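The following exercises concern burial, contacts and charge pairing in one protein chain. Please work through each task before reading its solution.

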Amino acid sequence: MSRTVSDMNKLVLIYESGTYASSSGTGQWLGLVTNHTPTETMGVQHIRYLSSANRNVDISVDGPADFNGQITFHPQDWRALVFALGSCIDAGSPSPYTHVISELNSNVGNAFTSGTTNPFMSFTLEDSQTSSVTGGNLVRTFNGCMADSIEISASQGEMVQCTLNYRAQNAVYSSGATTAVTAGTSRPFLWQDVKVHVPSGTVYDEVTSMSLSISNNLDASHYLNGSRVIAAPVPLNRDYSLNLTVQATSERSKTLYDQYFRGGSEFNILLEVTDTVAGAGSRNCFISLSGCKLDPMEAPSLNEGV
């Protein structure tokens, strides 16, 4: 027997192409992953029936198999946004090289996978717990993963953090070798790299924390098709929300409360993440939000602090 210890745990991302849930290519580095919690259920249904003459469960039947999970990581790039939004168009070479990541709606096909179901952007995850015994590894490969939601958050003095929730079609077990991956060498993004423009061009210097949430509201159906696993999930209505904590100033309070909250004016927001060490033109991320409405707004009156 050999212990499996956390220092040997590994999470590898693999792109999918061709048909849905078919992985292709080499292992990809997602970021500085601090936690991966897969949730797997076999949908066991416990049945009691008449005439068994006891108080116990009479029979247990395996039901629908569901696989989902949550990944928490410090991003070194923004490829996770591609899986949340669906489209990435590259341009520029060699400097700067840009990736325009944008929304993909239901009437547009996926650039990497095909089929009559028109599946959304998907990926494969390999989670491995390695031991020192040959053939003693716990390797789970989750195929057909789709981003159900992603949250990007930043707080003063901390590293930027991403939380990715996904739905997968199936999981395959192996006790053998794991997929190789090369660790990213770029430094993680920090709070000092983040600027919030409300609206675009007006930087709020007093923001102490922010969190952006993108939700695809996946419909993961178990059809009557002879399979226990889900079909390709279908993204339904898309939701965005941005939460900001801002230290109050007379200027900010008036704009936020009187114009945007009580006045109801729509506005745009620009989230800017720039590696302050690499400098402008390298490792930049700009997230544009339009049609924003402020609701609710809290401005508590406290007995101390700003």
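**Exercise 1.** Determine which residues N143 is in contact with, leaving aside its neighbours within four places in sequence.

*Solution.* In this predicted model, the contacts of N143 outside that window are E16, A21, F123, T124, A168, Q169, N170 and V172. N143 itself belongs to strand β11, residues 138-155. Its relative accessible area is 15%; because buried means under 20%, N143 is classed as buried.

**Exercise 2.** Identify the buried residues of helix α2 and state which element they pack against.

*Solution.* Helix α2 spans residues 250-262, and its buried residues are R252, L256 and Y260. These buried residues pack against β19 (267-274). After α2 comes G264, with a positive phi near 80 degrees.

**Exercise 3.** Analyse the salt bridges that R252 forms with E206 and E251.

*Solution.* Side chains of opposite charge can pair when their charged atoms come close. For E206 and R252, the closest N and O atoms are 3.0 Å apart. E206 lies in the loop between β14 (194-197) and β15 (207-215) and R252 in helix α2, so this pair ties together parts that are 46 residues apart in sequence. For E251 and R252, the corresponding separation is 3.8 Å. As for accessibility, R252 is buried at 9%, E206 is partly exposed at 21%, and E251 is exposed at 52%.

**Exercise 4.** Locate the parts of the chain that the salt bridge between D66 and R167 ties together.

*Solution.* The closest N and O atoms of D66 and R167 are 3.3 Å apart. D66 is in strand β6 (residues 66-74) and R167 in strand β12 (residues 161-168), so the bridge joins parts 101 residues apart in sequence. Both D66 and R167 are buried.

How values were computed: Residues numbered from 1 in each chain as written. Predicted model: local features only at pLDDT ≥ 70, side-chain atom pairs only at ≥ 80, totals over all residues. Heavy atoms only, no water. Helix = DSSP H or I, 4+ residues; strand = E, 2+ residues; numbered from the N terminus. Buried < 20%, exposed > 50% of the residue type's maximum accessible area, 1.4 Å probe, protein only. Contact = heavy atoms within 4.5 Å. Salt bridge = Lys/Arg side-chain N within 4 Å of Asp/Glu carboxyl O.
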